[in-house]
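Visitor: Could you take me in for a close look at the nonpolar core of this protein?

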Amino acid sequence: MYLEEFVTALSGESVETAVSEGRCLAEPIGCGESTVDENGNLEYDSDDPTDEVWYSLDWQMTGLCPACQDELDEPDDYLAAPSEEAIETAVSLLDLWTELEPDDDSE
Ligand SMILES: [Zn+2]
């Protein structure tokens with residue numbers, strides 16, 4: 001499953017929709033708030049103009065407004081990039097889950 005599909009399944013809407021409407025993804029992924037001010041400029045909490053570029057790029061990729069991006073980044077840095085161990089665990093859980101599915105060939 002692609003991330004895009006995953007997000008759509010979880011929030012009931014696509015990143016594309018949220019971005020085209022100038023807002024954050026609906027809860028529980030985002031906050032559903034508008035990400036642009038009345039002039040159509042991206043609203044972000046930083047004095048560094050280069051941050052706007054990154055926030056804007058991230059928003060278009062993830063559908064998350066700058067505030068939600070900050071929330072994801074701040075608490076635990078290691079959560080942002082899953083470790084190989086975490087990925088392996090997820091993969092093995094998926095394997096297990098697949099094995100648990102009923103097999104049509106077995107009587
Ligand atoms: Zn948000």
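Guide: Sure, let's start with the whole chain: it has six helices and zero strands, where helices are DSSP runs of H or I with at least four residues and strands are E runs of at least two, numbered from the N terminus. Keep in mind that this is a predicted model, in which local features need pLDDT of at least 70, side-chain atom pairs count only at pLDDT 80 or more, and totals for chains, interfaces and linings use all residues. Residues are numbered from 1 along each chain as its sequence is written.

Of the 107 residues, 16% are buried; that word applies when 20 or more other C-beta atoms, placed from the backbone, lie within 10 Å of a residue's own, while exposed takes 12 or fewer and partly exposed is in between.

Now for the core itself. The largest nonpolar core has 11 residues, among them Val 15, Ala 18, Tyr 55, Trp 59 and Cys 65. Such a core is a set of buried Ala, Val, Leu, Ile, Met, Phe, Trp, Tyr and Cys residues joined through C-beta atoms within 7 Å. Helices α2 and α3 each supply at least two residues of this core.

Zoom in on Cys 65: leaving aside neighbours within four places in sequence, Cys 65 is in contact with Cys 24, Gly 30, Cys 31, Glu 33, Thr 35 and Trp 59. Contact here means C-beta atoms, placed from the backbone, within 7 Å.

For contrast, try Pro 28, in the loop between α2 (15–20) and α3 (49–62). Pro 28 is exposed because it has just 8 other C-beta atoms within 10 Å. Helix α6 is hardly covered either, with zero buried residues among its 17.

How values were computed:
Two residues are in contact if their C-beta atoms, placed from the backbone, lie within 7 Å.
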